[in-house]
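Hi,

Here is the structure I said I'd pass on. Have a look at it first, and then read my notes below.

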Amino acid sequence: MQNFSEIKIKCRSESGLLPEYKTLGAAGADVCAFLPEPILLKAKTRALIPTGLFFEIPCGFEIQVRPRSGLAFKNGITVLNSPGTIDSDYRGELKVLLINLGDEDFTIKCGERIAQIVVSPVMRGVFCKSENLSETERGEAGFGSTGV
């Protein structure tokens, strides 16, 4: 059973590419670069890549921006602030912060799939000060405390 929530999208141009799910079971929809000319992303550098897309996300949802596994595996290209969050009240253009962790420069072309987005429900917490917290088996054990 599929769940759907309508997401309104404004495109910067008539030729703008909407996000696209590549398979029926895909959780993420691919988004593409919207560039006037290719961008050379040199090894070990980052760049903010426009998509030409503006979203109206329903209240109670977010869109998470995640890397595409193929770009990461084959070229070392990933989303730097992964997962990035697009809040429901943001109306600016989706721009994807990519970083090239590979050893080779990589050229990003207009229309190239650069990231994937996942629509996700959001639950807000109510934060309350407390002098005491409940005890757990783990306690304050942190990084690496449960094994490698």
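In what order do the elements of the protein chain run from the N terminus on? The order is β-β-β-β-β-α-β-β-β-β-β. That makes one helix and ten strands. Before you go further, do keep in mind that this is a predicted model.

**Overall picture**

The C-alpha trace of the protein chain spans about 55 × 40 × 30 Å along its principal axes. The radius of gyration of the chain is 19 Å, whereas a compact globule of 148 residues would come in near 15 Å. Of the 148 residues, 31% are buried. As for contacts in the chain with a separation of 6 or more, 70% of them are between residues 24 or more positions apart.

On the outside, the accessible surface of the protein chain adds up to about 10700 Å², and carbon and sulfur atoms hold 53% of that. If you like counting charges, there are 17 positive and 18 negative side chains. The centres of those two sets lie 5 Å apart.

**One residue in a strand**

I spent some time on Thr-51, which you'll find in strand β4, residues 46-56. Is Thr-51 buried or exposed? Thr-51 has a relative accessible area of 3%, so it counts as buried, the cut-off being under 20%.

Which residues does Thr-51 touch, leaving aside those up to four places away in sequence? The list is Val-31, Cys-32, Phe-34, Glu-93, Leu-94, Val-96 and Ile-114. Closer by in the sequence, the side chain of Thr-51 also reaches the backbone nitrogen of Leu-53, at 3.2 Å.

**Two spots in the loops**

Some background for this part: most peptide bonds are trans, and most residues other than glycine have a negative phi. Two places in the chain are worth a look with that in mind.

Where is there a cis peptide bond? It joins Ser-82 and Pro-83, with omega at about -10 degrees. Pro-83 sits in the loop between β6 (77-79) and β7 (84-86).

The other spot is Lys-44, in the loop between β3 (39-41) and β4. Its phi is near 65 degrees, which is a positive value in a residue other than glycine. To find Lys-44 on the screen, start from β4, the strand that also holds Thr-51, and look in the loop between β3 and that strand.

That's what I have for now.

Cheers

How values were computed
Residues are numbered from 1 along each chain as its sequence is written. This is a predicted model: local features need pLDDT of at least 70, side-chain atom pairs count only at pLDDT 80 or more; totals for chains, interfaces and linings use all residues. Side-chain values use heavy atoms; hydrogens and water are left out. Helices (H or I, at least four residues) and strands (E, at least two) are DSSP runs, numbered from the N terminus. Buried means under 20% relative accessible area, exposed over 50%, partly exposed in between (1.4 Å probe, protein chains only). A polar contact is a pair of N or O atoms within 3.5 Å; within protein, one must be able to donate a hydrogen and the other to accept it, and residues adjacent in sequence count only if both atoms are side-chain atoms. Contact means heavy atoms within 4.5 Å. The radius of gyration is taken over C-alpha atoms; the globule rule is 2.2 Å times the number of residues to the power 0.38. Accessible areas come from the Shrake-Rupley method with a 1.4 Å probe; for residues, only the protein chains shown count as cover. Lys and Arg count as positive and Asp and Glu as negative; His and the chain ends are not counted. The place of a charge is taken as NZ of Lys, CZ of Arg, CG of Asp or CD of Glu.
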